[in-house]
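Please consider the protein shown below. A visitor and a guide will then discuss how its chain is arranged.

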Amino acid sequence: MITYTIWEGETRIGYCCIRRWHCLREFYIDEAHQHKMPEILRQMVDIKLFDQALLSSTQTPAYAVCKSEFNYCSDRHVYYAYSGKVNAEESALDMRLACEDDLEKLNNIYFRINFSSRKKDVWADKIKLGEVYLYRKDNEIIAVGACSADDMQPEVVKVDVWVAKEYRHQGLGTRILPFLVDKAIEQGKCPIINAEATYYIDAVKKLAEKCGFECRAMIVEMRL
């Protein structure tokens with residue numbers, strides 16, 4: 001990520017952060033100069049500093065200005081954080097740490113979900129770090145839970161749940177998520193869910209809220 005400082009004369013009034021593929025990720029202008037945000041945004045576009053953006057709704061001024069200036073806007077991710085107000089009554093499921101022997105099966109699961117094989121052994125690092133938990137039935141993996149550290153936000157842990165299709169709608173998710181929450185809290189960190197806003201987002205919302213998570217932000221993809 002490249003950070004650019006924004007100046008007016010000799011006064012620093014803000015900054016922006018650009019990630020690869022010319023994507024704007026952060027855009028901040030101090031309160032006294034926020035009325036100039038649309039003009040500054042257009043100037044950055046004119047010099048081809050970026051041609052797309054991925055911004056959180058919590059970045060209120062930048063989010064509002066960019067959404068009005070970009071031609072295409074689509075919800076990309078929904079960010080949930082653990083509130084502690086658990087509504088689920090089911091007990092946490094007892095899961096076991098994954099080991100290297102599980103790597104091939106986990107990669108096959110990942111590629112089926114993502115329809116991609118661009119990255120080999122996507123689970124290898126997570127297994128080495130002790131971030132992956134499995135639930136088996138008849139020696140087959142029917143559910144996976146992950147607690148992933150976030151280098152950009154060391155105070156949080158991202159939790160993910162996957163359940164085999166034939167075992168869904170049986171309450172496994174509401175037992176796996178509390179298990180992952182407990183693991184995150186043991187580390188002194190706040191569990192979060194960063195869910196893609198796809199066709200299954202309603203199911204994610206229902207599961208997250210039932211297990212004590214609250215929606216904190218919407219990540220929106222924008223393109224010129």
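The dialogue that follows treats the sheet, the helices and the cores in turn.

Visitor: Before we begin, what kind of model is this, and how are residues numbered?

Guide: Residues are numbered from 1 along each chain as its sequence is written, and side-chain values use heavy atoms, leaving out hydrogens and water. Local features need pLDDT of at least 70 and side-chain atom pairs pLDDT 80 or more, while totals for chains, interfaces and linings use all residues, since the model is predicted.

Visitor: Which strands stand at the edges of the sheet?

Guide: 11 strands form an open sheet with mixed pairing, in the order β1-β2-β3-β4-β11-β5-β10-β9-β8-β7-β6. Strands are DSSP runs of E with at least two residues, and helices are runs of H or I with at least four, numbered from the N terminus; two strands pair if DSSP finds at least two bridges between them. Each edge strand has a single partner, so one side of it is left without a neighbour in the sheet; these strands are β1 (2-8) and β6 (96-97).

Visitor: Which residue in β10 stands opposite Tyr79?

Guide: β5 and β10 (residues 190-196) pair in the antiparallel sense over five bridges. Opposite Tyr79 in β10 stands Asn194.

Visitor: Is Ser56 buried or exposed?

Guide: Ser56 lies in strand β4 (residues 52-56). Leaving aside neighbours within four places in sequence, Ser56 is in contact (heavy atoms within 4.5 Å) with Tyr63, Ala217, Met218 and Ile219. Buried means under 20% relative accessible area, exposed over 50% and partly exposed in between, with a 1.4 Å probe and protein chains only. The relative accessible area of Ser56 is 11%, so Ser56 is buried.

Visitor: Which residues have the most contacts inside the largest nonpolar core?

Guide: A nonpolar core is a set of buried Ala, Val, Leu, Ile, Met, Phe, Trp, Tyr and Cys residues joined through side-chain atoms within 4.5 Å. The largest has 41 residues, and a second, separate core of 22 residues includes Met44, Leu49, Phe50 and Ala62. In the largest core, the residues with the most contacts are Val144, Ile193 and Phe213.

Visitor: How are the rings of Phe50 and Phe70 arranged: stacked, tilted or edge-to-face?

Guide: Rings of Phe, Tyr and Trp (its six-membered ring) pair if their centres lie within 6.5 Å; planes under 30 degrees apart count as stacked, over 60 as edge-to-face and the rest as tilted. The structure holds four aromatic pairs. Because the centres of Phe50 and Phe70 are 6.3 Å apart and their planes at 15°, the pair is stacked.
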